[in-house]
Amino acid sequence: MQCPNCNSKDIGKIGSHQFYCWGCFIELTVNGDKMSVYQVEEDGTLSSLDDLFFEDEFIAEQIQAN
């Protein structure tokens, strides 16, 4: 597995479907073929970064489909 943000392979497993990137300190959740990306806030809460990482891919897929 490679981090979608920094391309680091220094990924640790923190749960059954949860991973943590030690290169840029983001959390990844994988369900089947879908990945979600989260920023860990100072208070420990998670903020979704999916709109930053996957919006461009979605737009590219839509352009290719048309």
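Reader: In which strand does Tyr38 lie?

Author: Tyr38 belongs to strand β4, which covers residues 34-40. This is a predicted model, and every value below is computed from it.

Reader: Is Tyr38 buried, partly exposed or exposed?

Author: A residue counts as buried under 20% relative accessible area and as exposed over 50%. Tyr38 has 22% relative accessibility, so the residue is partly exposed.

Reader: Which residues does Tyr38 touch, leaving out residues up to four places away in sequence?

Author: On one side of the sequence there are Ile26, Glu27 and Thr29. On the other there are Leu46, Ser47, Ser48 and Leu49. A C-alpha distance adds to the picture: Tyr38 and Phe25 are 13 residues apart along the chain, with their C-alpha atoms separated by 9.3 Å.

Reader: What does Leu49 touch, with the same sequence neighbours left out?

Author: Leu49 touches Ile26, Val37, Tyr38 and Gln39. Leu49, Ile26 and Val37 are also members of the largest nonpolar core.

Reader: How many residues does that core have, and which are they?

Author: A core of this kind is a set of buried residues joined through side-chain atoms within 4.5 Å. The largest one here has 10 residues: Cys3, Phe19, Cys21, Cys24, Ile26, Leu28, Val30, Val37, Leu49 and Phe53. Two elements give two or more residues to this core, β2 (18-21) and β3 (26-31). The largest share, three residues, is from β3.

Reader: Where does Phe19 lie, and what does Phe19 touch?

Author: Phe19 is in strand β2. With a relative accessible area of 16%, Phe19 is buried. Leaving out residues up to four places away in sequence, Phe19 touches Met1; Ile11, Gly12, Lys13 and Ile14; and Ile26, Glu27, Leu28 and Val30. Phe19 and Met1 are 18 residues apart in sequence, and their C-alpha atoms are 9.6 Å apart in space.

Reader: How many disulfides does the structure hold?

Author: The count rests on sulfur atoms within 2.5 Å of each other. The structure holds zero disulfides.

Reader: Why is there no bond at Cys3 or at Cys6?

Author: The closest cysteine sulfur to that of Cys3 is in Cys24, and at 3.6 Å it is too far for a bond. For Cys6 the closest cysteine sulfur is in Cys21, also at 3.6 Å and too far for a bond. The two residues also have their own accessibilities: Cys3 is buried, at 1%, and Cys6 is partly exposed, at 33%.

Reader: Where is Ser8 found, and what does Ser8 touch?

Author: Ser8 sits in the segment before β1 (11-13). Its relative accessibility is 17%, so Ser8 counts as buried. Leaving out residues up to four places away in sequence, Ser8 touches Met1, Gln2 and Cys3, and also Cys21 and Gly23.

Reader: How should I read a positive phi?

Author: Most residues other than glycine have a negative phi. Here Asn7 has a positive phi of about 65°, although it is not a glycine. Asn7 lies in the segment before β1. Phe25 also has a positive phi of about 65°, and it is not a glycine either. Phe25 is placed in the loop between β2 and β3. At 49% relative accessibility, Phe25 is partly exposed.

Reader: How many aromatic pairs are there, and how is a pair described?

Author: The distance of the centres and the angle of the planes describe a pair of aromatic rings. The structure holds one aromatic pair. Tyr20 and Trp22 form it, with 4.9 Å centre to centre and 75° between the planes. Planes over 60 degrees apart count as edge-to-face, so this pair is edge-to-face. Tyr20 is buried, at 17% relative accessible area, whereas Trp22 is exposed, at 52%.

Reader: Where in the chain is confidence lowest, and where is it highest?

Author: Helix α1 (residues 50-65) is lowest, with a mean of 54, and β1 is highest, at 95. Over residues 57-66 the pLDDT is below 50, and this stretch has zero contacts in the model beyond near neighbours in sequence. Over the chain the pLDDT averages 81, and 80% of the residues score at least 70.

Methods. Residues are numbered from 1 along each chain as its sequence is written. Side-chain values use heavy atoms; hydrogens and water are left out. Rings of Phe, Tyr and Trp (its six-membered ring) pair if their centres lie within 6.5 Å; planes under 30 degrees apart count as stacked, over 60 as edge-to-face and the rest as tilted. Buried means under 20% relative accessible area, exposed over 50%, partly exposed in between (1.4 Å probe, protein chains only). Helices (H or I, at least four residues) and strands (E, at least two) are DSSP runs, numbered from the N terminus. Contact means heavy atoms within 4.5 Å. pLDDT is the predictor's confidence in each residue, from 0 to 100.
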